[in-house]
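Visitor: I would like to learn how to read a few surface features in a model like this one. Please take them one at a time.

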Protein chains: 2
Amino acid sequence: MLSFFTVDCLIFTFHEGKLKVLLTERNEYPYRDWWAMPGYFVDKQEEMEEAVDRIAYEHTGLKNIYLEQLAALAGLKRHPEGRVLTVAYMALVRYEDVKNKVKPVTNYMRQAQWFDITEVPELAFDHNDILQLGLKKLKRNLNYSTAPFALLPEKFTLTQLQQIYEAILGESLDKRNFRKRMSNLGYLKELNEYQTGVSYRAARLYKFDKRKFLKLFS
Amino acid sequence: MLSFFTVDCLIFTFHEGKLKVLLTERNEYPYRDWWAMPGYFVDKQEEMEEAVDRIAYEHTGLKNIYLEQLAALAGLKRHPEGRVLTVAYMALVRYEDVKNKVKPVTNYMRQAQWFDITEVPELAFDHNDILQLGLKKLKRNLNYSTAPFALLPEKFTLTQLQQIYEAILGESLDKRNFRKRMSNLGYLKELNEYQTGVSYRAARLYKFDKRKFLKLFS
DNA sequence: TTTAATAGTGTAAAAAATACACATTATATT
DNA sequence: AATATAATGTGTATTTTTTACACTATTAAA
């Protein structure tokens with residue numbers, strides 16, 4: 001009837017063409033010294049959504065981020081002390097907003113680090129499963145989702161957008177067809193601005209037009 | 001840190017061309033006399049999946065049914081006695097397997113009844129929200145899902161299949177285009193058998209070829 | 001000026017989605 | 001036996017979307 005109650009937060013970002021996930025090194029039993037997703041107990045008088053916001057904030061310094069509920073995991077054997085029911089959430093953040101802010105904020109974790117999603121070690125608890133659930137959900141919803149734009153800076157290039165699609169789908173896409181498809185979507189705004197600071201032809205920048213997106217999907 | 005822990009089970013079936021949901025009338029506070037989804041506390045030593053199976057079994061007499069986790073709801077104000085975290089599951093059952101078996105099996109509920117999804121009353125707790133989540137998920141996943149075939153008898157007509165699509169999508173579809181699309185899927189097996197007991201031209205029966213489906217989607 | 005690295009672009013073919021209406025079949029009714 | 005009823009089953013032309021495929025343009029650095 002009664003269960004311990006935690007939330008875990010699968011935090012993704014996008015940097016240098018790669019999809020990354022934020023992991024923390026545990027400083028507490030069980031799984032001391034293992035990498036794990038940020039997560040902890042929900043306080044007695046705290047709403048679940050507040051708890052996720054809090055934990056994500058404590059690790060990224062960001063509020064009002066894109067959050068989606070992924071799954072509840074309640075196995076009796078998840079934790080040696082008895083049932084610990086966890087609700088896993090997925091958060092997507094912009095790397096620019098978050099760089100240098102990433103840090104563990106409690107002493108039950110040692111350090112926090114971004115891992116390329118293709119290079120994630122064996123994680124504590126069932127956290128590898130949760131990661132797979134998150135990737136699966138991103139993939140399944142990709143075509144009706146604002147997820148890519150939550151990961152990108154406000155102004156981005158089509159190559160960056162394509163890299164996110166490729167990382168989420170796990171396959172490479174044809175550049176011309178991808179661009180054609182994106183411009184047919186109707187919610188990308190072409191800017192008269194270009195990349196700076198690159199030692200090759202600068203790419204045009206685009207913006208996500210949220211109003212047009214919402215008009216199309218509701 | 002600690003929370004009460006329940007599961008709720010959103011049980012759908014399909015009968016007489018309509019998508020139906022199983023509701024029970026509560027005989028216990030809070031929400032005594034209200035209609036609600038079957039749900040109850042998870043026992044201390046019971047796995048969550050066993051609990052859902054048990055509750056669904058107690059209401060439908062069926063084991064090994066199609067189950068999907070929908071969402072976890074944990075609002076502090078869901079229940080007057082304090083936080084009751086519930087994990088909602090969706091179950092899809094065949095009406096033929098279940099008719100006359102539907103019954104409440106505990107005394108905290110009075111009767112169980114199938115409701116057309118367009119005629120569901122105001123429900124206890126946040127159960128109307130859960131129903132909407134279930135329908136949304138069915139809709140979103142419809143094209144890659146075995147859900148319609150979990151609702152249909154083993155042998156079914158294309159009209160029945162179309163009715164399920166229409167109920168889930170909430171719109172009517174063109175018969176010829178629907179049939180063309182279905183036969184292009186590659187996992188419907190046309191039988192040399194026909195409906196019986198109808199007072200008009202009998203429709204051809206089809207079967208779902210699960211092996212072909214799995215080959216295509218994995 | 002050359003090299004390196006990435007941006008940016010078009011077309012033809014195939015596949016999928018859409019719009020649309022009537023003849024067919026089985027049973028029940030008279 | 002004829003008729004009414006109720007649902008089944010079918011084809012085509014059009015539009016839209018998806019796919020396959022390779023070279024020129026631009027910028028900065030060497």
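Visitor: Where is Phe217(A) found in chain A?

Guide: The model is predicted. Phe217(A) sits in the segment that follows helix H7 (210–216) of chain A.

Visitor: How is Phe217(A) classed by relative accessibility?

Guide: Buried means under 20% relative accessible area and exposed means over 50%, with partly exposed in between. Phe217(A) has 41% relative accessibility, so Phe217(A) counts as partly exposed.

Visitor: Which residues form the nonpolar patch on the surface?

Guide: Nonpolar side chains are joined into a patch within 5 Å. Here the patch consists of Tyr144, Leu216 and Phe217 from chain A, along with Tyr144(B), Leu216(B) and Phe217(B). Together they have about 580 Å² of accessible area.

Visitor: Which residues come nearest to DNA strand D?

Guide: There are 17 residues around DNA strand D, and those that come nearest are Arg201(A), Thr159(B), Lys175(B), Arg201(B) and Arg204(B). Of the strand's atoms that come within 4 Å of the protein, 40% belong to sugar and phosphate.

Visitor: Which side chains have an N or O atom 3.3 Å or 2.7 Å from a base atom of DNA strand D?

Guide: For Arg176(A), the distance to a base nitrogen is 3.3 Å. For Arg201(B), the partner is a base oxygen, at 2.7 Å. Two elements give two or more residues to the surface near the strand: helix H6 (175–185) of chain A and helix H6 (175–185) of chain B. The largest share, four residues, comes from H6(B).

Visitor: How do the residues of that surface near DNA strand D divide by type?

Guide: They comprise 10 charged, four nonpolar and three polar residues.

How values were computed
Residues numbered from 1 in each chain as written. Chains lettered and ligands numbered in written order. Predicted model: local features only at pLDDT ≥ 70, side-chain atom pairs only at ≥ 80, totals over all residues. Heavy atoms only, no water. Patch = residues over 30% accessible without salt bridge, like charges linked within 9 Å, V, L, I, M, F, W, Y side chains within 5 Å. Areas by Shrake-Rupley, 256 points an atom, 1.4 Å probe, with all protein chains shown as cover. Salt bridge = Lys/Arg side-chain N within 4 Å of Asp/Glu carboxyl O. Buried < 20%, exposed > 50% of the residue type's maximum accessible area, 1.4 Å probe, protein only. Near = heavy atom within 4 Å. Polar contact = N/O pair within 3.5 Å; in protein donor to acceptor, adjacent residues only side chain to side chain. Nonpolar A, V, L, I, M, F, W, Y, C, P; charged D, E, K, R; others polar.
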